[in-house]
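Please load the model in a viewer and keep the sequence panel visible. The tour below proceeds by selection, and each stop states what is to be found there.

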Amino acid sequence: MDLFMKHRSTAFLCLRTSLQAAVLAFTSLGLSLHAQPDAGDHLWYDAPGVVPVTEGLPIGNGRMGMLITGQVAHERIVLNEDSVWSGYVYRQSNNPAAAAALPEIRKDLFAGDTRAAQDLVNRTQISGQGENDTAIMESYGTYQMLAALRLDFPHEQAQEYARELNMADALVEVSYSADGVTYTREAFSSYPDQVMVMKLEADQPSALNCALYLERPDTPAVIRLVDDSTIELTGQMPEPKGISGLRYACLLTLEHTGGTLTAENGKLILSGADSAIIRITAGTSYKGLDAWPDYLGEDPLPKVADTMKAAQARSYEALKAAHVADHRALYNRVSLDLNHNGDHAADVPTSQRLQMVRDGLTDTTLMEQYFNLGRYLLIASSRPGSLPANLQGIWSDAIFDEKTGHWVYYTPWNGDYHTNINVQMNYWPAEVTNLSECSEPLTDLILGMAKPGAETARIQHDCRGWTVHTTHNVWGFTAPGWVASWGHFPMAGPWMATHLWEHYLFTQDLHYLRRVWPTIEGSARFTIDWLVQDPESGLLVSGPSASPENRFTLPDGSTGYFCMAPTMDQMLAWQILNIAAEGEQLLGTETDLSREALAALAKLKMPQIGADGRMLEWSESYPEPEPGHRHISHLYGLHPGNQITWAQTPEFMEAARKTLEYRLSHGGAYTGWSRAWVINFWARLGDGNEAYDNLLALLRQCTLPNLFDTHPPFQIDGNFGATAGICELLVQSHETDASGNPLIRLLPALPKAWESGSVEGLKARGNITVNLSWVGGILSEATLISPVDCSLTLEVSSGKQQQIHLTAQQPYIYVLDTAPCCTVL
């Protein structure tokens with residue numbers, strides 16, 4: 001696999017404005033004409049951070065990452081490697097009593113005896129071998145930090161302090177003066193060379209003094225000095241007797257110019273140097289997501305040593321150049337300009353600007369930066385060959401317990417893959433921001449979970465195919481959680497499978513679709529088997545199931561979670577069954593699957609609107625004990641699905657709007673990821689001003705000083721969800737026109753506050769690259785480029801639609817008040 005993106009340079013001539021067309025075409029291919037990044041690409045601070053996950057600046061190469069707070073005297077840098085997990089494979093995670101209990105549960109739910117059904121659900125529709133199966137939680141494990149790099153410097157006071165995240169080059173820089181000397185640190189995490197690198201430098205000879213060491217306290221890790229310039233850290237997760245835990249290894253080397261380097265008491269002591277280069281690489285014995293059930297392999301240390309040897313053979317300048325080129329090839333594909341003219345981004349630290357926004361300031365540069373940070377974080381936490389971004393991306397720290405005086409190696413919510421919104425949201429921006437490669441780890445996750453998911457489908461549900469429930473880890477856990485109210489969500493599998501189809505829609509890669517089709521097919525077959533006939537209506541319904549993590553009040557005042565036909569389940573069934581029918585037709589392999597899918601669709605119960613005009617979340621209109629609940633699952637068909645649209649279902653669009661207004665008026669969207677989802681909802685509803693207000697609310701209420709999203713605590717999905725939401729305001733391509741042709745909407749929900757601006761490099765379904773500019777809230781010019789000849793319908797912000805034809809690789813230019821023109825070579 002080539003580690004560098006390769007591009008063809010193509011010169012275009014536009015009949016109207018040749019230079020402008022050439023620039024647009026050039027950038028559409030992923031290249032940039034900008035020599036220097038602008039203010040939208042930089043986060044900077046005038047003081048060190050304290051808490052890594054809230055103030056640390058992140059770098060990553062998909063697999064390994066750092067959080068850098070930039071402390072002057074005593075720096076603690078969090079190191080992460082994406083497969084450092086405790087836990088193990090537990091083949092008894094599926095409940096053998098589950099499938100046999102389903103008929104009785106359904107019978108009770110259809111009869112209206114929710115309490116009896118729920119009692120049986122709580123006893124049988126959970127993971128494991130019974131209520132006392134403690135191995136379930138023990139085996140599940142948690143994502144953990146790898147280690148901490150400690151840097152101790154002799155100066156306590158600093159002047160002219162600055163630290164910066166340069167997102168365009170994926171560099172973190174720290175600089176300050178002490179005792180008349182200017183000190184700088186520069187760090188990056190290289191994907192081409194699979195190494196994390198930091199350069200320490202002083203602007204005066206022999207002025208650099210530092211002690212550095214690795215630590216992973218309160219664990220069985222062994223840390224030793226291999227020689228006078230190398231530290232080795234190795235360890236193994238402590239698991240129950242008879243179970244081998246994951247092994248991990250990390251190497252650090254120090255190269256210096258000038259001065260002396262000695263080793264003592266586990267530390268490297270640098271004295272009187274001019275500069276120093278730290279290289280760090282790491283690995284584990286984890287073989288990969290497709291290795292179920294035998295996930296663990298060889299001792300990682302030899303491979304880590306080989307990687308380090310190769311990295312040491314390259315100079316700092318060579319490592320940095322390769323890293324920057326690799327990163328820019330992805331990052332520079334898209335640029336957003338909200339016509340801020342720089343604002344005050346270069347003069348006021350990011351944390352202060354965030355506070356000013358909380359105090360009521362409008363800061364379009366900060367919105368650009370938040371958008372760019374989402375793209376940056378996806379590149380940094382999800383690359384081909386890595387694991388997918390988890391709830392914290394790849395950035396997790398240990399927790400120091402002040403009561404016990406010990407470190408606890410736990411990541412909130414286990415740092416796992418929550419499959420009832422969170423891991424899906426992580427990848428919403430991947431395709432539309434032209435980062436399809438970054439979704440490869442998600443494909444790996446879905447293909448990998450389908451293997452153990454087949455056991456879950458068979459044992460838990462007596463169904464063909466495969467599925468997963470609310471949570472998933474690197475050990476193939478696909479069973480329900482150990483508590484049914486949040487852990488039982490059998491339609492999570494179909495939701496995950498829709499992402500495989502979305503990747504095809506954006507890339508038009510038929511080879512990819514053929515490769516993943518058995519997994520999509522398996523999810524559709526599970527759905528067909530899982531649906532049962534409602535004895536009263538005769539329609540097909542899902543259940544028993546819940547609306548993720550939400551609850552309702554029963555007539556007797558007790559709390560209900562489960563019903564037949566919760567709205568989200570029905571929407572997911574509609575989505576995957578349509579994909580099954582369309583995909584088989586596309587591939588020319590129409591079998592019994594497409595016939596079964598179409599037959600099920602014809603009898604599938606559709607979403608319902610309540611007497612108050614809102615979408616029903618459950619099968620009946622129940623009172624809601626938390627009307628502002630963070631999950632708004634019954635609007636899945638609005639986004640990310642496409643069942644609800646103004647053209648096809650206007651009455652449901654109105655009901656969706658009322659649902660959203662009601663949820664927000666009762667305190668909804670109080671978590672960062674929920675607020676990000678709301679931005680996408682408003683975009684699909686065509687209300688850019690409401691979306692903008694919720695973007696402001698996200699910045700004001702759910703954003704940490706380093707611009708990480710917070711649930712609280714830190715959870716990365718909101719960063720990704722908001723980035724996707726900004727794209728939805730500018731370009732939408734999830735619908736077809738009245739004749740079934742692909743439809744691309746330009747500026748479908750432009751906020752009034754973004755009066756003028758431009759965006760380059762976004763992707764629409766059909767593998768169409770879109771560049772836009774607008775003035776006075778009206779589209780002024782657009783360029784669309786397709787790699788193949790195709791026809792589609794274009795809708796501009798005025799609502800006017802027109803059918804257009806794109807010639808392969810030739811920009812189609814739309815210009816306000818003039819006839820569109822097509823460039824020629």
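How many nonpolar, polar and charged residues does the lining of the largest cavity have? By class, there are nine nonpolar, seven polar and two charged residues in that lining. The model under inspection is a predicted one.

**Stop 1: the largest cavity**

Begin by selecting Y90, S93, W475, G476 and F477, which are the closest to the centre of the largest cavity among the 18 residues that line it. The space in this cavity amounts to about 140 Å³. Over the whole structure, a search finds five cavities of 30 Å³ or more. Next, colour the helices α5 (135–140) and α12, each of which supplies at least two residues of the lining of the largest cavity. The largest share of that lining, three residues, is contributed by α12.

**Stop 2: Q144, after helix α5**

Continue along the chain to Q144, in the loop between α5 and β5 (147–152). Is Q144 buried or exposed? The residue counts as buried, because its relative accessibility is 7%, and the cut-off for that class is under 20%. Display the side chains of Q144 and R216: a polar contact of 2.5 Å joins them. To view the wider surroundings, select N80, V84, S86, R216, M237, Y409 and T411, with which Q144 is in contact when its neighbours within four places in sequence are left aside.

**Stop 3: N209 in strand β10**

Now move to N209, which is placed in strand β10 (residues 208–215). This residue is partly exposed, because its relative accessible area is 28%, a value to be read against the limits of 20% and 50% for that class. Which backbone atom does the side chain of N209 reach? The partner is the backbone nitrogen of G272, at 2.8 Å. G272 also belongs to the contacts of N209 beyond its neighbours within four places in sequence, which are D152, F153, P154, L270, S271 and G272. A further distance may be displayed here: the C-alpha atoms of N209 and S275 are separated by 9.4 Å, with their positions 66 residues apart along the chain.

**Stop 4: the second largest pocket**

Select R63, Y286, K287, K303 and G385, the closest to the centre of the second largest pocket of the 34 residues that line it. About 860 Å³ of space lies in this pocket. Three elements to highlight are β16 (275–284), α6 (301–312) and α12 (440–461), each of which supplies at least two residues of the lining. Helix α12 therefore deserves a second viewing, and colouring the lining by class shows twelve nonpolar, 13 polar and nine charged residues.**Stop 5: two cis peptide bonds**

Two peptide bonds merit inspection at the next stop. The first selection is W292 and P293, which are joined by a cis peptide bond with omega of about 0 degrees. P293 lies in the loop between β16 and α6, two elements that supply residues to the lining of the second largest pocket. The other selection is G543 and P544, where a cis peptide bond has omega of about 5 degrees. P544 is found in the loop between β23 (540–541) and β24 (545–546). As background, most peptide bonds are trans.

**Stop 6: two asparagines with positive phi**

Most residues other than glycine have a negative phi. Select N434, in the loop between α11 (428–432) and α12, where phi is near 65 degrees, a positive value. N434 is buried, with a relative accessible area of 10%. Then select N767, in the loop between β30 (757–764) and β31 (768–775). The phi of N767 is near 60 degrees, again a positive value, and N767 is buried, with a relative accessible area of 18%.

**Stop 7: the nonpolar cores**

Which residues have the most contacts inside the largest nonpolar core? They are Y376, L730, W754, L772 and L784, in a core of 212 residues. Centre the view on L772: leaving aside its neighbours within four places in sequence, its contacts are L730, V731, L746, L747, G757, S758, V759, L779, E781 and A782. Another core, of 14 residues, lies apart from the largest one, and A101, A484, V532 and V541 are among its members. In soluble globular proteins, nonpolar side chains tend to be buried together.

Conventions: Residues numbered from 1 in each chain as written. Predicted model: local features only at pLDDT ≥ 70, side-chain atom pairs only at ≥ 80, totals over all residues. Heavy atoms only, no water. 1 Å grid on protein atoms, 1.4 Å probe; cavity = no way out; pocket = protein on both sides within 12 Å on 5 of 7 lines; lining within 4 Å. Points joined across faces, edges and corners; volume = space filled by probe spheres on them. Helix = DSSP H or I, 4+ residues; strand = E, 2+ residues; numbered from the N terminus. Nonpolar A, V, L, I, M, F, W, Y, C, P; charged D, E, K, R; others polar. Buried < 20%, exposed > 50% of the residue type's maximum accessible area, 1.4 Å probe, protein only. Contact = heavy atoms within 4.5 Å. Polar contact = N/O pair within 3.5 Å; in protein donor to acceptor, adjacent residues only side chain to side chain. Core = buried A, V, L, I, M, F, W, Y, C linked by side-chain atoms within 4.5 Å.
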